Amino acid sequence: MTRVILKNVKPTILLVLASATLTPQTAYKRPPEAIRKILEAPATPTASVSPSKTHMLLLSPDRYPPIAELAQPMLRLAGQRINPKNNGPRVVTSYRSAQLIDLASLKKSAVTIPAGAKLGAAQWSPDGKTVAFLAYFDDRIGVVLVDTASGRARELAGVTVNAAYGDAIDWLDDSRYLLLQLIPSGRGAAPRESIVPQGPDIQETLGKAAPAPTFQDLLKSALDEELFAYYATSQAALVDNSSGKITLLNKPGIFSALSVSPDGKYVMAQRVQRPFSWVLPASRFPVDIEIWTRDGALLKTMARQPLADRVPIEGVRTGPRDIGWAAAQPAALTWWEALDGGNPKERVPHRDRFVMSAAPFD
């Protein structure tokens, strides 16, 4: 048998490349027509009857947010998801068409929606003669008023709403004025991250045991704090829906709630205060409960709620909660106060007490 020995032969590495066809990204694929008809079938309209029981509003919702809307920039701040382009929530329940029906004659009137706008939830005036909508545009949020008798729609001029946090719109009982949260005039550009840090990120503990529930979209930096303050800060205002006159109330702030007393003489404002928390959402930040006069002057601070960082699991914060106006009184605030320290596991004779305070709130 002959043996052959090979010397000084360099090893050869063979690379085998799988054959692949490189193609550009394809577009979204659409389902077969039979399935598409089911998915794209119009949603059942939402019906709303006026307080006067004379008209019905039918709203046809958008079933699916468009990809272009979902692809917009989003800020996750203090438990809120904010669209920085229009200073509102990232995704809203919106309607592509609206129709008014006269319940006596059954006459139908289509509501004209401003070009480029999506309508939010309907807000009936107490007398049922007008419907107010937040109108969501790409770069702002306005207010559209619809006359129920004619179906004519008009946008309030000079009104740019801040809907990033809190209640952005509400009617007064006189059906003439709207209480709105507006973008403060001259607020400037949004904060930007500095190349040079202002200092270290510090989180402080008081050394006391506290529940630690999990929340999402929380603040993570000093820049996040400034961004939240920038986008959530509003100017409270009364707007005459007939003349369009705007009356600014008190100073700008972050308001988790704004409401006017039934007699129209007082405003209750829940003003969020610093320090902000990086482990809790905005609903647990410190808050002052203020009473203003009709022209916005501070009358009384009803309570100062500290940061709710020690609320038991499934418990409530101590002090006044669920505060609001008593419907059967001209100007009386009502609220609940926990008698168990906010802890449902405590054994106490009575869990809560109910409190009422009428004007002048002393």
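These legends describe close-up views of a predicted model.

**Figure 1. Overall dimensions of the predicted protein.** The secondary structure comes to 3 helices and 22 strands. Along the principal axes, the C-alpha trace spans about 115 × 65 × 45 Å. The radius of gyration is 28 Å, whereas a compact globule of 362 residues would have one near 21 Å. Of the 362 residues, 39% count as buried. Take the contacts between residues at least 6 apart in sequence: 51% of them join residues at least 24 apart.

**Figure 2. The largest nonpolar core, with 19 residues.** Leu134, Val143, Val161, Leu178 and Leu180 have the most contacts inside this core. Five strands each supply at least two of its residues: β9 (130-136), β10 (141-147), β12 (169-171), β13 (177-182) and β14 (235-240). Another core, of 18 residues, lies apart from it. Leu77, Ala164, Tyr165 and Ile254 are among the residues of that other core.

**Figure 3. Surroundings of Leu180, a residue of the largest core.** Which residues does Leu180 contact, leaving aside its neighbours within four places in sequence? The partners are Val143, Val159, Ala168, Ile169, Gln235, Ala236, Ala237 and Val239. Val143, one of these partners, is itself listed with Leu180 among the core residues that have the most contacts.

**Figure 4. Asp224, a buried acidic side chain with no salt bridge.** Asp224 lies in helix α3, residues 222-232. Where is the nearest side chain of opposite charge? It belongs to Lys220, 6.6 Å away. A salt bridge needs a side-chain nitrogen of Lys or Arg within 4 Å of a carboxyl oxygen, so this pair does not qualify. The backbone of Lys220 is another matter: the side chain of Asp224 reaches its nitrogen at 2.9 Å. Not counting residues up to four places away in sequence, Asp224 also touches Leu77, Leu218 and Leu219. Leu77 is one of the residues of the 18-residue core.

**Figure 5. Two cis peptide bonds, each leading into a proline.** Most peptide bonds are trans. Arg274 and Pro275 are joined in cis, with omega about 5°. Pro275 is found in the loop between β17 (266-272) and β18 (287-293). Ala359 and Pro360 are also joined in cis, with omega about 10°. Pro360 is found in the segment after β22 (352-358).

**Figure 6. Positive phi at Ser175 and Asn250.** Most residues other than glycine have a negative phi. Ser175 has a positive phi of about 65°. This serine is found in the loop between β12 and β13. Is Ser175 buried or exposed? Its relative accessible area is 9%, so Ser175 is buried. Asn250 has a positive phi of about 55°. Its place is in the loop between β15 (246-248) and β16 (254-260). Asn250 counts as partly exposed because its relative accessibility is 26%.

**Figure 7. Leu299 and its contact with Phe361.** Leu299 sits in strand β19, residues 298-305. At 42% relative accessibility, Leu299 counts as partly exposed. Leu299 and Phe361 are 62 residues apart along the chain, and their C-alpha atoms are separated by 9.2 Å. Leaving aside neighbours within four places in sequence, Leu299 also contacts Tyr266, Ile291, Trp292 and Thr293.

Definitions and conventions
Residues are numbered from 1 along each chain as its sequence is written. This is a predicted model: local features need pLDDT of at least 70, side-chain atom pairs count only at pLDDT 80 or more; totals for chains, interfaces and linings use all residues. Side-chain values use heavy atoms; hydrogens and water are left out. A nonpolar core is a set of buried Ala, Val, Leu, Ile, Met, Phe, Trp, Tyr and Cys residues joined through side-chain atoms within 4.5 Å. Buried means under 20% relative accessible area, exposed over 50%, partly exposed in between (1.4 Å probe, protein chains only). Helices (H or I, at least four residues) and strands (E, at least two) are DSSP runs, numbered from the N terminus. Contact means heavy atoms within 4.5 Å. Lys and Arg count as positive and Asp and Glu as negative; His and the chain ends are not counted. A polar contact is a pair of N or O atoms within 3.5 Å; within protein, one must be able to donate a hydrogen and the other to accept it, and residues adjacent in sequence count only if both atoms are side-chain atoms. The radius of gyration is taken over C-alpha atoms; the globule rule is 2.2 Å times the number of residues to the power 0.38.
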